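Please look over the model below with a view to its geometry, its burial and its surface. The paragraphs that follow begin with a single element and then widen to the whole chain.

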Amino acid sequence: MPITSETTDAVTVLTIDRTHRRNALDLTTLEELHAAVVAAVGSGCRALVLAGAEGHFCAGADLTELEDVSFTERLAEVLQHLAGVPITTVAAISGSCMGLGMQLAVACDLRVVDTPARFAVPVAKLGLMVDKWTLDRVARCWGEGAARHMVLTAAVLTEDDAWRLGFAQVRGGLDTAVDLARSAVPLAPLSQAGSKLGMGTAPGPDGDYSAAFARAWASEDLVEGQRAFGERRTPTFVGR
């Protein structure tokens, strides 16, 4: 199976395993990845880590099978779903993070980058374009200057660039990414989901954030958080 899934302590790790193509995705694997994300969230996991097998995150789309724009249309749906899940998502990046790999990385909330790693959006070398959503996310995560550098000149950036420019939040490998994801597990689910809406990392109109704000302030979790603070103990949040 090109996508493997393992859940421990409410953290699900999804691994792309197409090492013969440096984990580049074809349509079948893209659909399997989407199904795995849906299943993980549906099972009640509280954080998600996306990784690639054997030293590469994802080298992009498998261009040997890319025939027309229908792939990119489906990809846009999968990426927006990943960005919109109400839990914390972490990309564990090493090796190649190119094209579609970059799109997966910017769809996640946080990024952990190992050495070595290489990043690119090489559309101008291929005569392709990515959707506006991707351009906006790359500019947000890297900064506009670095985004223009990669998109317009096909520049390849390194793990040091990712750290220097704020694309990576933590340096390290998969274990480090899992530890980061695990730190999100005991926190208040309504606060996390609502904050993703407010920061624009989850698709939705502004009114959705107002509703999430009101829901958090009226929640059982807020009462529990205040009580635990007063009692000097760790709160137990239930997402209500």
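Helix 2 of this predicted model covers residues 70-84, and its 15 residues, at 1.5 Å a residue, should span 21 Å; the C-alpha atoms at its ends lie 22 Å apart, so the expected and the computed spans agree. Along helix 2, the residues F71, L75, A76, V78, L79, L82 and A83 are buried, that is, each has under 20% relative accessible area. The cover over these buried residues includes several helices, namely helix 1 (27-42), helix 3 (100-107), helix 5 (132-142) and helix 9 (189-198), and it also includes strand 3 (47-52) and strand 4 (88-98).

Helix 2 belongs to a protein with eleven helices and seven strands. The radius of gyration of the protein is 18 Å, close to the 18 Å that the globule rule gives for 240 residues, and the protein is therefore as compact as a globular protein of that length. Taken along the principal axes, the box filled by its C-alpha atoms is roughly 60 × 35 × 35 Å.

Of the 240 residues in the protein, 47% are buried. Among the contacts with a separation of 6 or more, 68% are between residues 24 or more positions apart.

Turning to the surface, the protein exposes about 11800 Å², of which carbon and sulfur atoms supply 56%. As for charge, the protein has 21 positive and 29 negative side chains, and the centres of these two sets are 6 Å apart.

Terms used:
Residues numbered from 1 in each chain as written. Predicted model: local features only at pLDDT ≥ 70, side-chain atom pairs only at ≥ 80, totals over all residues. Heavy atoms only, no water. Helix = DSSP H or I, 4+ residues; strand = E, 2+ residues; numbered from the N terminus. Rg over C-alpha atoms; globule rule 2.2 N^0.38 Å. Buried < 20%, exposed > 50% of the residue type's maximum accessible area, 1.4 Å probe, protein only. Contact = heavy atoms within 4.5 Å. Areas by Shrake-Rupley, 256 points an atom, 1.4 Å probe, with all protein chains shown as cover. Lys, Arg positive; Asp, Glu negative; His and termini not counted. Charge placed at Lys NZ, Arg CZ, Asp CG, Glu CD. Expected span 1.5 Å × (residues − 1).
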